[in-house]
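Thank you all for coming. I would like to take a few minutes to walk through one model, so please have the sequence and the structure in view.

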Amino acid sequence: PSRIIRIIVPFGAGSTPDSAARLLADKLEPRLGQKVIVENKPGASGNLGTDAVAKAEPDGYTLMMGTVGTHGINEALYSKLPFSPLGDFQPISRVAMVPNLLVTHPSRPYKTVKELIEFAKANPGKVNFASSGSGTSIHLSGELFKAMTKVDMTHVPYKGSAPAVADLLGGQTDIMFDNMPSVMQHVKGGKLRAIAVTTDKRYPGLPDVPTIAESGVPGYNATSWFGLFTNRKVPADVLAKLSAATMKVLAKPEVVQQMAEQGAIAHPEKPAEFEAFVKAETAKWGPVVKQSGARVD
(Lines give C-alpha, C1' and ligand atoms only; values in the text may rest on other atoms or scores of the structure.)
Protein backbone atom coordinates (compact mmCIF):
# COMPACT_ATOMS: atom_id res chain seq x y z
CA PRO A 1 0.00 0.00 0.00
CA SER A 2 1.13 3.56 -0.77
CA ARG A 3 -1.40 5.56 1.25
CA ILE A 4 -3.76 5.43 4.24
CA ILE A 5 -5.98 2.35 4.63
CA ARG A 6 -9.42 2.80 6.19
CA ILE A 7 -11.33 0.25 8.22
CA ILE A 8 -15.00 1.23 8.25
CA VAL A 9 -16.87 0.16 11.37
CA PRO A 10 -20.64 0.31 10.69
CA PHE A 11 -21.34 0.81 14.40
CA GLY A 12 -20.58 3.49 16.97
CA ALA A 13 -17.32 4.20 18.77
CA GLY A 14 -16.87 2.02 21.83
CA SER A 15 -18.86 -0.88 20.37
CA THR A 16 -17.31 -4.35 20.38
CA PRO A 17 -16.51 -4.35 16.63
CA ASP A 18 -15.02 -0.87 17.04
CA SER A 19 -12.67 -2.07 19.78
CA ALA A 20 -11.59 -5.03 17.66
CA ALA A 21 -11.02 -2.82 14.63
CA ARG A 22 -8.84 -0.36 16.57
CA LEU A 23 -6.71 -3.13 17.99
CA LEU A 24 -6.29 -4.65 14.54
CA ALA A 25 -5.52 -1.28 12.89
CA ASP A 26 -2.81 -0.54 15.43
CA LYS A 27 -1.07 -3.86 14.77
CA LEU A 28 -1.51 -3.78 10.97
CA GLU A 29 0.25 -0.41 10.54
CA PRO A 30 3.85 -1.62 11.03
CA ARG A 31 3.21 -4.77 9.01
CA LEU A 32 1.70 -2.95 6.01
CA GLY A 33 3.94 0.10 6.26
CA GLN A 34 1.06 2.56 6.05
CA LYS A 35 -1.27 4.25 8.52
CA VAL A 36 -4.48 2.31 9.15
CA ILE A 37 -7.36 4.39 10.50
CA VAL A 38 -10.79 3.42 11.81
CA GLU A 39 -13.89 5.34 10.72
CA ASN A 40 -17.27 4.84 12.38
CA LYS A 41 -20.31 4.97 10.10
CA PRO A 42 -23.21 3.74 12.26
CA GLY A 43 -26.84 3.51 11.28
CA ALA A 44 -29.56 1.12 10.07
CA SER A 45 -28.17 -1.89 11.97
CA GLY A 46 -24.83 -1.48 10.23
CA ASN A 47 -26.21 -1.06 6.71
CA LEU A 48 -25.06 2.53 6.18
CA GLY A 49 -21.39 1.76 6.72
CA THR A 50 -21.65 -1.54 4.87
CA ASP A 51 -23.17 0.18 1.85
CA ALA A 52 -20.33 2.73 1.85
CA VAL A 53 -17.77 -0.07 1.57
CA ALA A 54 -19.79 -1.85 -1.13
CA LYS A 55 -19.65 1.34 -3.22
CA ALA A 56 -16.03 2.23 -2.45
CA GLU A 57 -13.24 1.99 -5.02
CA PRO A 58 -12.18 -1.69 -5.17
CA ASP A 59 -8.50 -0.98 -4.60
CA GLY A 60 -8.00 -2.52 -1.15
CA TYR A 61 -7.73 0.81 0.68
CA THR A 62 -11.26 0.58 2.11
CA LEU A 63 -11.96 -2.34 4.43
CA MET A 64 -14.74 -2.96 6.92
CA MET A 65 -15.23 -4.78 10.19
CA GLY A 66 -18.29 -6.85 9.36
CA THR A 67 -20.31 -8.77 11.90
CA VAL A 68 -22.83 -11.58 12.18
CA GLY A 69 -25.40 -8.78 11.85
CA THR A 70 -24.14 -7.15 8.66
CA HIS A 71 -23.17 -10.38 6.92
CA GLY A 72 -25.30 -13.10 8.53
CA ILE A 73 -28.58 -11.56 9.66
CA ASN A 74 -29.50 -8.36 7.82
CA GLU A 75 -30.23 -10.01 4.49
CA ALA A 76 -33.12 -11.87 6.16
CA LEU A 77 -34.12 -8.92 8.36
CA TYR A 78 -34.42 -6.25 5.65
CA SER A 79 -36.88 -6.60 2.79
CA LYS A 80 -34.43 -4.82 0.49
CA LEU A 81 -30.75 -3.98 0.78
CA PRO A 82 -28.76 -1.73 -1.59
CA PHE A 83 -25.96 -4.32 -1.62
CA SER A 84 -25.43 -8.07 -1.38
CA PRO A 85 -23.64 -9.16 1.82
CA LEU A 86 -22.09 -12.09 -0.05
CA GLY A 87 -22.08 -10.92 -3.65
CA ASP A 88 -20.50 -7.49 -3.10
CA PHE A 89 -17.97 -8.38 -0.40
CA GLN A 90 -14.76 -10.35 -0.32
CA PRO A 91 -14.00 -11.92 3.07
CA ILE A 92 -10.39 -11.32 4.19
CA SER A 93 -10.29 -13.10 7.54
CA ARG A 94 -12.49 -13.76 10.49
CA VAL A 95 -11.10 -11.65 13.34
CA ALA A 96 -12.79 -12.86 16.50
CA MET A 97 -15.49 -15.01 17.97
CA VAL A 98 -17.38 -13.35 20.82
CA PRO A 99 -19.64 -15.30 23.17
CA ASN A 100 -22.79 -13.53 24.24
CA LEU A 101 -23.33 -13.48 27.97
CA LEU A 102 -26.75 -13.76 29.58
CA VAL A 103 -26.68 -11.21 32.39
CA THR A 104 -29.19 -9.77 34.81
CA HIS A 105 -29.38 -7.01 37.38
CA PRO A 106 -28.28 -8.36 40.80
CA SER A 107 -31.62 -7.39 42.32
CA ARG A 108 -33.52 -9.92 40.19
CA PRO A 109 -34.50 -13.21 41.89
CA TYR A 110 -33.08 -15.62 39.32
CA LYS A 111 -29.45 -16.78 39.47
CA THR A 112 -29.59 -19.71 37.03
CA VAL A 113 -31.13 -20.46 33.65
CA LYS A 114 -33.55 -22.87 35.33
CA GLU A 115 -34.69 -20.20 37.78
CA LEU A 116 -35.07 -17.66 34.96
CA ILE A 117 -37.24 -20.06 32.95
CA GLU A 118 -39.39 -20.88 35.97
CA PHE A 119 -39.85 -17.18 36.80
CA ALA A 120 -40.65 -16.26 33.19
CA LYS A 121 -43.24 -19.04 32.91
CA ALA A 122 -44.84 -17.97 36.17
CA ASN A 123 -44.85 -14.32 35.03
CA PRO A 124 -45.53 -14.36 31.27
CA GLY A 125 -44.47 -11.20 29.48
CA LYS A 126 -43.06 -9.59 32.61
CA VAL A 127 -39.38 -10.37 32.01
CA ASN A 128 -37.89 -7.68 29.76
CA PHE A 129 -34.81 -8.48 27.73
CA ALA A 130 -32.83 -5.55 26.35
CA SER A 131 -30.95 -5.57 23.07
CA SER A 132 -28.83 -3.28 20.91
CA GLY A 133 -31.61 -3.20 18.31
CA SER A 134 -34.17 -5.36 16.50
CA GLY A 135 -32.55 -8.06 14.41
CA THR A 136 -29.12 -7.84 16.04
CA SER A 137 -27.35 -10.97 17.25
CA ILE A 138 -28.09 -9.82 20.80
CA HIS A 139 -31.82 -9.65 20.02
CA LEU A 140 -31.85 -12.96 18.16
CA SER A 141 -29.96 -14.72 20.95
CA GLY A 142 -32.98 -13.83 23.09
CA GLU A 143 -35.45 -14.93 20.43
CA LEU A 144 -33.66 -18.26 20.09
CA PHE A 145 -33.87 -18.66 23.88
CA LYS A 146 -37.59 -17.87 23.83
CA ALA A 147 -38.26 -20.35 21.04
CA MET A 148 -36.30 -23.18 22.66
CA THR A 149 -37.69 -22.69 26.19
CA LYS A 150 -41.27 -21.67 25.26
CA VAL A 151 -41.15 -18.67 27.60
CA ASP A 152 -42.90 -15.34 27.00
CA MET A 153 -40.45 -12.45 27.43
CA THR A 154 -40.73 -8.85 26.22
CA HIS A 155 -38.08 -7.51 23.89
CA VAL A 156 -36.86 -3.93 24.55
CA PRO A 157 -34.70 -2.71 21.64
CA TYR A 158 -32.22 0.16 22.05
CA LYS A 159 -30.12 2.14 19.60
CA GLY A 160 -26.90 0.37 20.42
CA SER A 161 -25.48 -1.76 23.20
CA ALA A 162 -24.26 1.11 25.41
CA PRO A 163 -27.70 2.59 26.24
CA ALA A 164 -29.13 -0.92 26.67
CA VAL A 165 -26.43 -1.82 29.18
CA ALA A 166 -26.91 1.53 30.95
CA ASP A 167 -30.59 0.78 31.56
CA LEU A 168 -29.80 -2.77 32.63
CA LEU A 169 -27.30 -1.40 35.16
CA GLY A 170 -30.00 0.96 36.39
CA GLY A 171 -32.52 -1.85 36.78
CA GLN A 172 -34.90 -0.51 34.12
CA THR A 173 -34.70 -3.85 32.28
CA ASP A 174 -34.22 -7.38 33.57
CA ILE A 175 -31.82 -9.36 31.39
CA MET A 176 -29.66 -9.06 28.29
CA PHE A 177 -27.82 -11.46 25.97
CA ASP A 178 -24.97 -9.03 25.32
CA ASN A 179 -21.56 -9.36 23.68
CA MET A 180 -19.18 -10.30 26.46
CA PRO A 181 -16.77 -7.35 26.00
CA SER A 182 -19.62 -4.88 26.67
CA VAL A 183 -20.54 -6.35 30.05
CA MET A 184 -17.45 -8.19 31.32
CA GLN A 185 -16.25 -5.26 33.45
CA HIS A 186 -19.69 -4.89 35.04
CA VAL A 187 -19.83 -8.60 35.87
CA LYS A 188 -16.37 -8.51 37.43
CA GLY A 189 -17.34 -5.37 39.34
CA GLY A 190 -20.48 -7.00 40.73
CA LYS A 191 -22.85 -4.58 39.00
CA LEU A 192 -24.33 -7.33 36.83
CA ARG A 193 -24.84 -11.05 37.49
CA ALA A 194 -23.67 -13.53 34.86
CA ILE A 195 -26.18 -16.35 34.43
CA ALA A 196 -24.78 -18.26 31.44
CA VAL A 197 -22.81 -18.01 28.20
CA THR A 198 -24.53 -18.55 24.86
CA THR A 199 -21.83 -20.69 23.24
CA ASP A 200 -21.70 -24.49 23.25
CA LYS A 201 -18.58 -24.44 25.47
CA ARG A 202 -17.74 -22.48 28.60
CA TYR A 203 -15.68 -19.33 28.17
CA PRO A 204 -12.13 -19.72 29.60
CA GLY A 205 -12.25 -16.25 31.14
CA LEU A 206 -15.37 -17.16 33.17
CA PRO A 207 -14.89 -20.87 33.86
CA ASP A 208 -17.53 -20.97 36.61
CA VAL A 209 -20.30 -19.60 34.38
CA PRO A 210 -22.17 -22.47 32.66
CA THR A 211 -23.46 -22.54 29.11
CA ILE A 212 -27.17 -22.18 28.41
CA ALA A 213 -27.04 -25.60 26.73
CA GLU A 214 -25.75 -27.35 29.85
CA SER A 215 -28.20 -25.41 32.01
CA GLY A 216 -31.28 -27.15 30.66
CA VAL A 217 -31.56 -25.91 27.07
CA PRO A 218 -29.65 -28.57 25.09
CA GLY A 219 -28.58 -27.51 21.60
CA TYR A 220 -28.64 -23.79 22.34
CA ASN A 221 -25.69 -22.03 20.67
CA ALA A 222 -25.42 -18.38 19.63
CA THR A 223 -22.15 -16.62 18.93
CA SER A 224 -21.31 -13.14 17.73
CA TRP A 225 -18.34 -12.74 15.42
CA PHE A 226 -16.39 -10.04 13.63
CA GLY A 227 -14.41 -10.24 10.44
CA LEU A 228 -12.55 -8.13 7.94
CA PHE A 229 -14.11 -7.64 4.49
CA THR A 230 -13.42 -5.57 1.41
CA ASN A 231 -15.02 -5.01 -1.97
CA ARG A 232 -15.52 -8.20 -3.99
CA LYS A 233 -13.65 -6.69 -6.98
CA VAL A 234 -10.37 -6.07 -5.12
CA PRO A 235 -7.50 -7.73 -7.09
CA ALA A 236 -6.37 -11.16 -5.91
CA ASP A 237 -2.81 -10.08 -5.14
CA VAL A 238 -4.03 -7.22 -2.94
CA LEU A 239 -6.43 -9.56 -1.14
CA ALA A 240 -3.58 -12.02 -0.53
CA LYS A 241 -1.43 -9.31 1.09
CA LEU A 242 -4.27 -8.11 3.30
CA SER A 243 -5.17 -11.64 4.31
CA ALA A 244 -1.59 -12.65 5.15
CA ALA A 245 -1.00 -9.52 7.21
CA THR A 246 -4.27 -9.89 9.11
CA MET A 247 -3.73 -13.56 9.93
CA LYS A 248 -0.18 -12.92 11.19
CA VAL A 249 -1.39 -10.09 13.43
CA LEU A 250 -4.20 -12.21 14.87
CA ALA A 251 -1.75 -15.00 15.69
CA LYS A 252 0.48 -12.73 17.80
CA PRO A 253 0.31 -13.73 21.49
CA GLU A 254 -0.18 -10.15 22.67
CA VAL A 255 -3.14 -9.71 20.31
CA VAL A 256 -4.68 -12.99 21.47
CA GLN A 257 -4.25 -11.80 25.07
CA GLN A 258 -5.66 -8.33 24.43
CA MET A 259 -8.72 -9.80 22.73
CA ALA A 260 -9.19 -12.27 25.57
CA GLU A 261 -9.19 -9.37 28.03
CA GLN A 262 -12.04 -7.87 25.99
CA GLY A 263 -13.97 -11.14 26.08
CA ALA A 264 -13.16 -12.13 22.49
CA ILE A 265 -11.37 -15.13 21.00
CA ALA A 266 -8.95 -14.30 18.16
CA HIS A 267 -9.80 -16.35 15.07
CA PRO A 268 -7.53 -15.91 12.03
CA GLU A 269 -8.94 -17.61 8.95
CA LYS A 270 -8.15 -17.83 5.25
CA PRO A 271 -10.56 -16.02 2.87
CA ALA A 272 -12.12 -19.23 1.49
CA GLU A 273 -12.68 -20.65 4.98
CA PHE A 274 -14.17 -17.39 6.21
CA GLU A 275 -16.48 -17.21 3.20
CA ALA A 276 -17.78 -20.73 3.85
CA PHE A 277 -18.44 -19.77 7.46
CA VAL A 278 -20.36 -16.63 6.46
CA LYS A 279 -22.57 -18.67 4.13
CA ALA A 280 -23.31 -21.14 6.94
CA GLU A 281 -24.19 -18.30 9.34
CA THR A 282 -26.55 -16.77 6.78
CA ALA A 283 -28.34 -20.10 6.45
CA LYS A 284 -28.54 -20.51 10.25
CA TRP A 285 -29.94 -17.11 11.21
CA GLY A 286 -32.44 -16.63 8.38
CA PRO A 287 -35.04 -18.96 9.93
CA VAL A 288 -34.52 -17.41 13.40
CA VAL A 289 -35.22 -13.94 11.99
CA LYS A 290 -38.37 -15.25 10.30
CA GLN A 291 -39.58 -16.96 13.47
CA SER A 292 -38.96 -13.83 15.55
CA GLY A 293 -41.18 -11.77 13.28
CA ALA A 294 -38.54 -9.05 13.05
CA ARG A 295 -38.71 -7.25 9.72
CA VAL A 296 -37.52 -3.89 8.42
CA ASP A 297 -38.90 -2.45 5.18
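I will go through the aromatic pairs, then the nonpolar cores and the cavity, and finally two backbone angles.

A word on the source before I begin: this is a predicted model, in which local features need pLDDT of at least 70 and side-chain atom pairs count only at pLDDT 80 or more, while totals for chains, interfaces and linings use all residues. Residues are numbered from 1 along each chain as its sequence is written, and side-chain values use heavy atoms, with hydrogens and water left out.

Let me start with the rings. The structure holds 9 aromatic pairs, where rings of Phe, Tyr and Trp (its six-membered ring) pair if their centres lie within 6.5 Å, with planes under 30 degrees apart called stacked, over 60 edge-to-face and the rest tilted. In one of these pairs, Phe-145 and Tyr-220, the ring centres are 6.4 Å apart and the planes stand at 75°, so this pair is edge-to-face. Phe-145 belongs to helix 5 (residues 137-149) and Tyr-220 to the loop between strand 8 (193-197) and strand 9 (223-231), so the contact ties together parts that are 75 residues apart in sequence; helices (H or I, at least four residues) and strands (E, at least two) are DSSP runs numbered from the N terminus. Both Phe-145 and Tyr-220 are buried, a word I use for under 20% relative accessible area, with exposed meaning over 50% and partly exposed in between (1.4 Å probe, protein chains only).

The rings of Trp-225 and Phe-277 have centres 5.4 Å apart and planes at 70°, so they too are edge-to-face. Since Trp-225 lies in strand 9 and Phe-277 in helix 10 (residues 271-292), this pair joins parts that are 52 residues apart in sequence. Trp-225 is buried at a relative accessible area of 0%, and Phe-277, at 16%, also counts as buried. These two residues belong to one aromatic cluster with Phe-83, Phe-89, Phe-229 and Phe-274.

Phe-277 has a further partner, in that Arg-94 lies over the face of its ring, at 3.5 Å from the ring centre; the rule asks for NZ of Lys or CZ of Arg within 6 Å of the ring centre and within 35 degrees of the ring normal. Elsewhere, the charged end of Arg-3 sits over the ring of Tyr-61, 3.8 Å from its centre.

Turning to the interior, which residues touch the most other members of the largest nonpolar core? Of its 42 residues, they are Val-113, Phe-145, Met-153, Ile-175, Phe-177 and Ile-212, a core being a set of buried Ala, Val, Leu, Ile, Met, Phe, Trp, Tyr and Cys residues joined through side-chain atoms within 4.5 Å. Helix 10 gives the largest share of this core, 6 residues. Another core, of 30 residues, lies apart from it and includes Ala-20 and Phe-226.

Ala-20 and Phe-226 are also among the residues that line the largest cavity, as are Thr-16, Met-259 and Gln-262.

Finally, the backbone. Ala-44 has a positive phi of about 55° although it is not a glycine; Ala-44 sits in the loop between strand 2 (36-40) and helix 2 (47-54) and is partly exposed at 39%. Lys-150, with a positive phi near 60°, is found in the loop between helix 5 and strand 6 (153-157), and Lys-150 is exposed, with a relative accessible area of 67%.

Key
On a 1 Å grid over the protein atoms alone, a cavity is a set of points where a 1.4 Å probe fits but cannot get out, and a pocket is an open set with protein on both sides within 12 Å along at least five of seven lines; lining residues have an atom within 4 Å of a point.
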